[in-house]
Amino acid sequence: MVGIVYKSTGSWYTVKTDNGDFYDCRIKGKFRIKGIKSTNPVAVGDVVHFQVETIGDDTIGIIHEIEERKNYIIRKSVNLSKQTHIIAANLDQVFLLVTLNNPPTYPVFIDRFLITAEAYEIPVILLFNKVDTYTPEELDEIKFLAALYRKIGYICIGISATTGKNVEKVKEMMVGKTSMFSGHSGVGKSTLVNAIEPTLDIKTKKISEQHLQGQHTTTFAEMFDLSFNARIIDTPGIKGFGIVDMEKEEIGDYFPEFFKLKQDCKFNNCIHVDEPKCAVKSALENGEIAWSRYNSYLQMIKGEDENYRVDIHDDKK
Ligand SMILES: Nc1nc2c(ncn2[C@@H]2O[C@H](COP(=O)(O)OP(=O)(O)OP(=O)(O)O)[C@@H](O)[C@H]2O)c(=O)[nH]1
Ligand SMILES: [Mg+2]
Ligand SMILES: [Zn+2]
């Protein structure tokens, strides 16, 4: 039997077959995919082959093969173990939810996320959520950020999952595709899924519990079929985003605005740090490239995984 993984708890996988049946599956023994060291060998979105076994009254599936992934989003957990985790596989696009506060999302986090998606050519759309809560000054800040990322080529939309502002626009972009919602815990991913498909009624953080920082409401990634020919993967909030398996020399290629200028650097192996006649650094001086982007870049090429930790998101997980 063949199916798609809709939910993964780490030991159990919910797999949906083409004819719409769901099976609870396990993986056989020490089954690992070659080349990828991750804490989860099978991720939501994976296409898997399994055999059905009946044990007493229970029917379970045993996964014995994973089809090659079109792409995936992988991150290094920001803790000492440095383990990597595949958030989801076989995506058409990702919506990264960003909030200015409650919780704050910093540009360095956005950039790390974008770079990983660029490496697999997964389109990312930035959704600035909770626009109903901001002061005029904060709205200006959102506009500034949106303009910064639009200039690079990313679609940016200001939304409110609770008032419904621009939710219809998001829906339109999802038709016919498998999308994922990502972002810090509390940015409103599950609330947005519910706004898009109210019948799902998935668990979101109660207003009264909002002060509890670092508490995750969604604990496992899960895919849902939507009524308008689309699929969405709701994911648990992520704190830090460590990039995985990237050479120092290739990181700049995933900053689209750096990549465009690379051919104008004097040295073709320029990494835009200390080299003379670097087109990226000139663009930075001219204000064509944002300092926040360049700072994120420097952190990444220096491998400073630890320094971007944001304490309030750091719940020792
Ligand atoms: N005012 C306002 N509140 C929102 C909006 N979107 C979400 N919220 C609130 O933010 C809180 C967190 O929302 P969730 O949907 O649980 O956040 P999440 O991103 O799914 O969080 P995790 O599952 O922990 O990763 C809830 O109390 C929501 O009601 C919005 O657009 N405006
Ligand atoms: Mg959630
Ligand atoms: Zn350069």
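This note goes through two metal sites and the packing of one helix in a predicted model.

1. The zinc ion (ligand 3) takes its protein donors from C265 (SG), C270 (SG), H272 (ND1) and C278 (SG), which lie 2.1 to 2.4 Å from the ion. The angles among these four donor atoms run from 105 to 115°, and the site of the zinc ion (ligand 3) is tetrahedral. Along the sequence, the donor residues of this ion follow the spacing C-x4-C-x1-H-x5-C.

2. Two of the zinc donors can be described further by their accessibility. C270 has a relative accessible area of 6% and is therefore buried, because the cut-off for buried is under 20%. C278, at 4% relative accessibility, counts as buried by that cut-off as well.

3. The magnesium ion (ligand 2) is coordinated by S190 (OG) and T218 (OG1), at 2.0 to 2.1 Å. This pair links distant parts of the chain, since S190 sits in helix α4 (residues 189-196) whereas T218 belongs to the loop between α4 and β12 (222-226), 28 residues apart. Both S190 and T218 are buried. A reader judging this site should bear in mind that water is not among the atoms, so sites may look incomplete.

4. Helix α1 (residues 107-119) packs with helix α8 (residues 291-301) at an angle of about 65°, and their axes are 9 Å apart. The two helices are therefore roughly perpendicular to each other, because that description covers angles of 65 to 115 degrees. The crossing of α1 and α8 is right-handed.

5. As for the residues at this crossing, α1 contributes P107, V108, D111, R112, L114 and I115, and these meet S292, R293, S296, Q299 and M300 of α8. Of the α8 residues in this contact, those that are buried include R293, S296, Q299 and M300.

6. How much of α8 is covered, and what does the helix pack against? Eight of the 11 residues in α8 are buried, so that the helix is mostly covered. The buried residues are R293, Y294, S296, Y297, L298, Q299, M300 and I301. Their packing partners are α1, α2 (136-152), α5 (248-251), α6 (256-259) and α7 (279-285). Just after α8, the backbone at G303 takes a positive phi of about 70°.

Key:
Residues are numbered from 1 along each chain as its sequence is written. Chains are lettered from A and ligands numbered from 1 in the order in which they are written. This is a predicted model: local features need pLDDT of at least 70, side-chain atom pairs count only at pLDDT 80 or more; totals for chains, interfaces and linings use all residues. Side-chain values use heavy atoms; hydrogens and water are left out. Donors are N, O and S atoms within 2.8 Å of the metal (3.2 Å for Na, K and Ca); water is not among the atoms, so sites may look incomplete. Four donors count as tetrahedral if all angles lie between 85 and 135 degrees; four count as square planar and six as octahedral if opposite donors are over 155 degrees apart and all others between 65 and 115; anything else is irregular. Buried means under 20% relative accessible area, exposed over 50%, partly exposed in between (1.4 Å probe, protein chains only). Axes are lines fitted to C-alpha atoms, for helices over the stretch in contact, and angles run from 0 to 180 degrees between N-to-C directions. Helices (H or I, at least four residues) and strands (E, at least two) are DSSP runs, numbered from the N terminus. Angles under 35 degrees count as roughly parallel, over 145 as roughly antiparallel, 65 to 115 as roughly perpendicular and the rest as oblique. A crossing is left-handed if the near helix is turned anticlockwise from the far one by less than a right angle, and right-handed if clockwise. Contact means heavy atoms within 4.5 Å.
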